[in-house]
Amino acid sequence: MRNRLVALLLLLASALTPALAQQSSQNDKILPYPIHQKKLDNGLNVVTVPYNSPGLAAFYIVVRAGSREEVEKGKTGFAHFFEHMMFRGTDKYSKEAYGDIMKEMGAAANANTSIDRTVYHMTGNAEMLDKMFEIEADRFQNLKYTEHDFKTEAGAVKGEYTKNSASPYMQLYEKTVSTAFKNHTYAHTTMGFFEDVVDMPNQYDYSLTFFDRFYRPEYSTIVVVGDVTPERVNSLAQQYFGDWKRGSYKPEIPKEPAQKETRYAHVQQQGFPPYLSLNFKGPAFSDKDKDLPALSILTTILFAENSDLFRKLVVEEQKARFIGGGPQFARDPNLIQVSASVLKAEDMQYVKDELMKALNEAKTKPIDKQKIEDTKSRIKYSFAMSMDSPDAIANSLARFIWLSGDPESLNNIYKVYDSITAQDLMNVAKKYFVTQTLTVGTIAPTEKSPVK
């Protein structure tokens, strides 16, 4: 009897060990839910995260093609353009029919484009997951539009550009990136260069080429979060996307040469709050390297609302309305921006000097260990508390999918945050906050930039 009892306990222990190991492993991660991945034979990655949201599921498709991939002269703005065109319909489901299905599912569908990707997303009834897969597979593989439709949408995109470019902030952003980057495609915004947007109605044939190149399985990842199982998601992915043909196009992204002196971008604007941005060349995203997490922690400590400099410039001296900054997470090296909205244009040089003083001090003055730990905790706690819905989880995973191709990068990068020390902060300050790689952006009533 005793031997049988021992055998039973051993059997129970062996059954529990893998589950306990998985739970322990998951507890080490910032996202407390397992990420299931399956790659189809055609290169399409399928990501599933079961989440306790009865009857609700978020369905995302991440296309790793943004303005970064627009490498041909005169052909910018097309990644953003397809964000619009993808809602134009197919032979099977017209634009109107697509909208009717959304209503039937109680779903909200939309899309957005940035420098490194285009993301399509909807959240709706998990019981209609089959229909979500069907209609998305249809438009990703069978999008159809006439030249008339194309020109109509190109006109709408031009109107959007005109509206956005009326903002001095957008004007400065365009000038800043085109000044900071000379070769790399980060030199143009997601909207594209104005002359290309104007010429877009004449580019119908090229639009078909762009779609054929990038709307392919090897560029795409499906993310489903909510009241689902990996088995069902993978089965539906195979059913509806399994025959999607892989492409062969790979753009050659031009490398940016080293910047060797400070550059300036200025917008003259009367009656507008003076604005200052300091833009340093930063690192590309990596979920193993310390530089981006260290820069994120350092700029939070130096410029957040609870920082000494914020209190000095905004609260006590009232020279600025706000200050802030941080590195941009991007696939290729991008900018670290530190900015300030200044009350009076004559104070812009003083504010710039104070920002540079803080950055230079950070190169040699170790930051208090407890302050670093508190900042790490706030960053992690803020993220963890935001993971409260299928849409929020899918959106966060999408970000790391477009950065690295792997949603587990989300968990990996937060492990790196835990390892950051005071020495790491000094190292990145020395490495990146140098005037040779700086582009100074300003908005002021003066004809030329009021800062040196």
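Is Arg216 buried or exposed? Arg216 is buried, with a relative accessible area of 17%, a value that falls under the 20% limit used for that word. This and the other details below are taken from a predicted model.

**View 1. Asp212 and Arg216 form a salt bridge.** The closest N and O atoms of this pair are 2.6 Å apart. The two partners are enclosed to unlike degrees, for Asp212 counts as partly exposed at 44% relative accessibility, whereas Arg216 is buried at 17%. A search of the whole structure finds 22 salt bridges, and the pair shown here is one of them.

**View 2. Arg311 and Glu316 meet through their side chains in a salt bridge.** Here the distance from N to O is 4.0 Å. Arg311 is partly exposed, with a relative accessible area of 39%, while Glu316 is exposed, with a relative accessible area of 55%.

**View 3. Lys376 and Glu373 form a salt bridge within helix α13.** The closest N and O atoms of the two residues are 3.1 Å apart. Both residues belong to helix α13, which spans residues 369-386, and they stand 3 residues apart, about one turn of the helix. In general, an α-helix has 3.6 residues a turn, so residues three or four places apart point the same way. Lys376 is buried, with a relative accessible area of 5%, and its partner Glu373 is partly exposed, with a relative accessible area of 30%. Elsewhere, salt bridges that share partners join Arg68, Glu69, Arg331 and Asp332 into one network.

**View 4. Six strands make up an open sheet with mixed pairing.** Read across the sheet, the order of the 6 strands is β1-β2-β6-β3-β5-β4. The edge strands are β1 (36-39) and β4 (108-113), each of which pairs on one side only. On average, neighbouring strands of this sheet are turned by 15 degrees against each other, when direction is ignored. As a general point, the strands of a sheet pair through backbone hydrogen bonds, either parallel or antiparallel. Strand β3 (residues 56-63) and strand β6 (residues 220-226) provide an example of the antiparallel sense, pairing over 7 bridges. Within this pairing, Ala57 has Gly226 of β6 as its bridge partner.

**View 5. Helices α9 and α3 lie against strands of the sheet.** Helix α9 (residues 230-241) packs on the sheet and touches β1, β2 (45-50), β3 and β6. The direction of α9 makes about 150 degrees with that of β2. Helix α3 (residues 95-105) lies across β4 and β5 (118-125), and runs at about 45 degrees to β5.

**View 6. Helices α2 and α5 cross, and α2 is largely enclosed.** The axes of helix α2 (residues 78-85) and helix α5 (residues 147-165) come within 10 Å and cross at roughly 115 degrees. The crossing in which α2 passes α5 is right-handed. On the side of α2 the contact is made by Phe78, His80, Phe81, His84 and Met85, and on the side of α5 by Asp149, Phe150, Glu153, Ala154, Val157 and Glu160. Because 7 of the 8 residues of α2 are buried, this helix is largely enclosed by the rest of the structure. The buried residues of α2 are Phe78, Ala79, His80, Phe81, Phe82, Glu83 and Met85, and what covers them includes β4, β5, α5 and α8 (204-214).

**View 7. Thr176 is a buried residue of helix α6.** Helix α6 spans residues 168-180, and Thr176 within it has a relative accessible area of 5%. Leaving aside neighbours within four places in sequence, Thr176 is in contact with Ala265, Asn279, Leu335, Thr439 and Gly441. The C-alpha atoms of Thr176 and Lys73, which are 103 residues apart along the chain, are separated by 19 Å.

**View 8. Two spans carry domain annotations in the UniProt record.** The unreviewed UniProt entry places the feature "domain: Peptidase M16 N-terminal" at residues 57-191. The end C-alpha atoms of that span lie 31 Å apart, and the span is 48% helix and 16% strand. The feature "domain: Peptidase M16 C-terminal" is placed by the unreviewed UniProt entry at residues 208-377. For residues 208-377 the end C-alpha atoms lie 48 Å apart, and the content is 38% helix and 21% strand.

Technical notes: Residues numbered from 1 in each chain as written. Predicted model: local features only at pLDDT ≥ 70, side-chain atom pairs only at ≥ 80, totals over all residues. Heavy atoms only, no water. UniProt positions renumbered as here; feature names shortened; annotations may be inferred. Helix = DSSP H or I, 4+ residues; strand = E, 2+ residues; numbered from the N terminus. Buried < 20%, exposed > 50% of the residue type's maximum accessible area, 1.4 Å probe, protein only. Pairing = 2+ DSSP bridges. Axes fitted to C-alpha atoms, helices over the stretch in contact; angles between N-to-C directions. Contact = heavy atoms within 4.5 Å. Left-handed = near helix turned anticlockwise from the far one by under 90°.
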